[in-house]
Amino acid sequence: MLEISPPRLPSFAFFGGLEGLGSRSALHFCFDKLLPALRAEWGSGGFRLLFAGSGVLPAWAQARIAHEPEIERLGIVDDLARMLAGCHGMLAPIDGPVGNRSRIVTAMAIGSPIVAHANAALGNPDLVYVKTCLLARDAAGVAARMRRLVE
């Protein structure tokens, strides 16, 4: 099992192929909905979101990251387990209702706590609320689940 030693600052990682539809869905969710909810929860600069993975982010996402102090783009990470051990959990706010997200299965195999959009469970019956992950249907719910992991 993964030995988690997160920093004091609430920190969550999102990873995978950053050009795919799942990542685009998650990026829109993060920028448009989750960031305001997290700032309401922890204040501006009171948390970290690490984006790791292959592929080129869309130009709009690169521009947003440049102006969001809480977000750090890591690129390809050689040791996902080590990265996740330094976070409170894996974030998968992919609201598209299709597909079995391999990034979530990878985090499950590593033993990382997972906060995901409830739609992710539609493609993976092993995602069971509280038993294998924390699920939510909206940004306020995702933020509340993230707080739960931090506490």
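The expected span of a helix is 1.5 Å multiplied by one less than its number of residues, and the exercises below apply to a predicted model.

**Exercise 1.** Compare the reach of helix H5 with its expected span, and find which of its residues are buried and what they pack against.

*Solution.* Helix H5 covers residues 139-150, which gives 12 residues. From its first C-alpha to its last H5 reaches 16 Å, close to the expected 16 Å. Turning to burial, the buried residues of H5 are Ala139, Gly141, Val142, Ala143 and Met146. These buried residues pack against several elements, among them H1, strand S1 (11-15) and strand S6 (134-136).

**Exercise 2.** Describe how helices H1 and H2 pack, and which residues meet.

*Solution.* Begin with the geometry: H1 (residues 21-42) and H2 (residues 59-66) pack at an angle of about 35°, their axes lying 11 Å apart, and their crossing is left-handed. Next come the residues, where Arg24, Leu27, His28, Phe31, Asp32 and Leu35 of H1 meet Trp60, Ala61, Arg64 and Ile65 of H2. Sorted by character, the residues of this contact comprise six nonpolar, one polar and three charged.

**Exercise 3.** Determine how many disulfides the structure holds, and examine Cys30 and Cys133.

*Solution.* A search of the whole structure finds zero disulfides. Cys30 is in none, and its nearest cysteine sulfur, that of Cys87, is 13 Å away, whereas a disulfide requires two cysteine sulfur atoms within 2.5 Å. For Cys133 the closest cysteine sulfur, in Cys30, is 16 Å away, which is too far for a bond. As for accessibility, Cys30 counts as buried because its relative accessibility is 1%, and Cys133 is buried with a relative accessible area of 4%.

Conventions:
Residues are numbered from 1 along each chain as its sequence is written. This is a predicted model: local features need pLDDT of at least 70, side-chain atom pairs count only at pLDDT 80 or more; totals for chains, interfaces and linings use all residues. Side-chain values use heavy atoms; hydrogens and water are left out. Axes are lines fitted to C-alpha atoms, for helices over the stretch in contact, and angles run from 0 to 180 degrees between N-to-C directions. Helices (H or I, at least four residues) and strands (E, at least two) are DSSP runs, numbered from the N terminus. A crossing is left-handed if the near helix is turned anticlockwise from the far one by less than a right angle, and right-handed if clockwise. Contact means heavy atoms within 4.5 Å. Ala, Val, Leu, Ile, Met, Phe, Trp, Tyr, Cys and Pro count as nonpolar, Asp, Glu, Lys and Arg as charged, and the others, Gly among them, as polar. Buried means under 20% relative accessible area, exposed over 50%, partly exposed in between (1.4 Å probe, protein chains only).
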